[in-house]
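Hi,

Here is the structure I promised to pass on. My notes on it follow below.

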Amino acid sequence: MRLATALLIAISAIGATSTLSAQTITAEGPVVYGHHHFNTTDMAAQKRFFVETLGGKLATIGTNNLEVIEFPNVFLFFRPMQAPTGGTIGSTVNHVGFSVPDLKPVVAKLKANGYKMITSDSVAATVKVTDDIAAASPTTNIAFVLGPEDIKVELVEVKAQTAPIQLHHVHFFGEKQAEMRAWYAKVFGAVEQPQAQGQVFMTAQLPGVTLSFSPSQTPTVATQGRALDHIGFEIKNLEAFTKKLEAQGIKLDRPYTKVPQLGIAIAFIKDPWGTNIEMTEGLADVK
């Protein structure tokens with residue numbers, strides 16, 4: 001299926017939807033995170049996971065009433081009836097992360113709804129795991145769950161957070177983690193963060209999201225076609241930004257294109273390790 005139609009596919013509705021009444025992307029900056037885009041053959045299962053269990057909001061956008069799921073600072077788009085070639089594990093984007101004020105009720109609901117907790121498989125053997133919640137540090141608790149079609153999701157406890165759930169991070173895996181972080185810093189302006197003592201992964205920060213990078217002992221595969229097909233950044237003055245990328249020798253898989261049905265513009269590139277990336281302008285104005 002052509003990338004040009006990725007954001008234009010109407011999703012068959014299961015359950016009631018509503019138009020967005022508040023702005024989804026509130027992070028401010030020349031580049032912020034915009035969306036995750038998934039392949040799926042079971043939209044009902046995706047809604048049970050992301051809406052009924054995790055608390056995302058089902059909504060429609062655009063003149064074609066495109067159905068999406070939204071969390072604070074991220075839209076979830078879906079390409080329905082497109083069978084994924086694999087889950088997120090093993091690809092360059094191993095998982096996506098959300099933060100919640102209290103992990104215990106969230107994990108309890110996930111388990112009650114039949115989802116597989118994979119916390120013990122996802123943290124070092126030295127990390128204490130109790131009731132599928134890991135004490136990642138004295139002040140940070142985390143948990144991992146496997147969603148529909150093997151979408152791996154991390155949940156991070158942020159006690160001071162007022163929103164029930166919101167975007168927290170995107171976690172990349174690769175054999176060249178430092179080079180990956182440097183690329184995202186150079187291309188998108190992510191600010192590299194100091195690495196804490198004993199911390200295996202590296203991070204870089206954009207408004208509203210952390211980009212995390214972990215070493216992988218085995219080669220990872222490209223995201224296109226997988227359960228998480230591509231990640232998305234929302235960029236101010238996208239047309240000028242794409243020209244800057246081309247001047248840097250970065251190939252555009254899809255040039256700057258306006259999508260009138262959604263009132264946005266889009267373009268596509270890939271990072272050097274195969275992560276499929278959509279860039280948008282206008283998602284931040286969708287309400």
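**The largest pocket and helix α2**

The largest pocket has 42 lining residues, and I142, E154, H171, F201 and S214 are those nearest its centre. (A pocket here is an open set of points on a 1 Å grid over the protein atoms alone, where a 1.4 Å probe fits, with protein on both sides within 12 Å along at least five of seven lines; lining residues have an atom within 4 Å of a point.) This is a predicted model, where local features need pLDDT of at least 70 and side-chain atom pairs pLDDT 80 or more, while totals for chains, interfaces and linings use all residues. Residues are numbered from 1 along each chain as its sequence is written, and side-chain values use heavy atoms, leaving out hydrogens and water.

The volume of that pocket comes to about 1200 Å³. Its lining splits into 16 nonpolar, 22 polar and four charged residues, with Gly counted as polar.

Now for α2, which spans residues 103-112 and buries L103, V106, V107 and L110 (buried is under 20% relative accessible area, exposed over 50%, with a 1.4 Å probe and protein chains only). Those buried residues fall within an arc of 95 degrees seen down the axis, so they line one face of the helix. On the face turned away from them sit the exposed K104 and A112.

What do the buried residues of α2 pack against? They pack against α1, β6, β7, β9, β10 and β11 (contact means heavy atoms within 4.5 Å).

Just after α2, G114 has a positive phi of about 90 degrees.

Cheers

Terms used:
Helix = DSSP H or I, 4+ residues; strand = E, 2+ residues; numbered from the N terminus. Arc of directions from axis to C-beta. Points joined across faces, edges and corners; volume = space filled by probe spheres on them.
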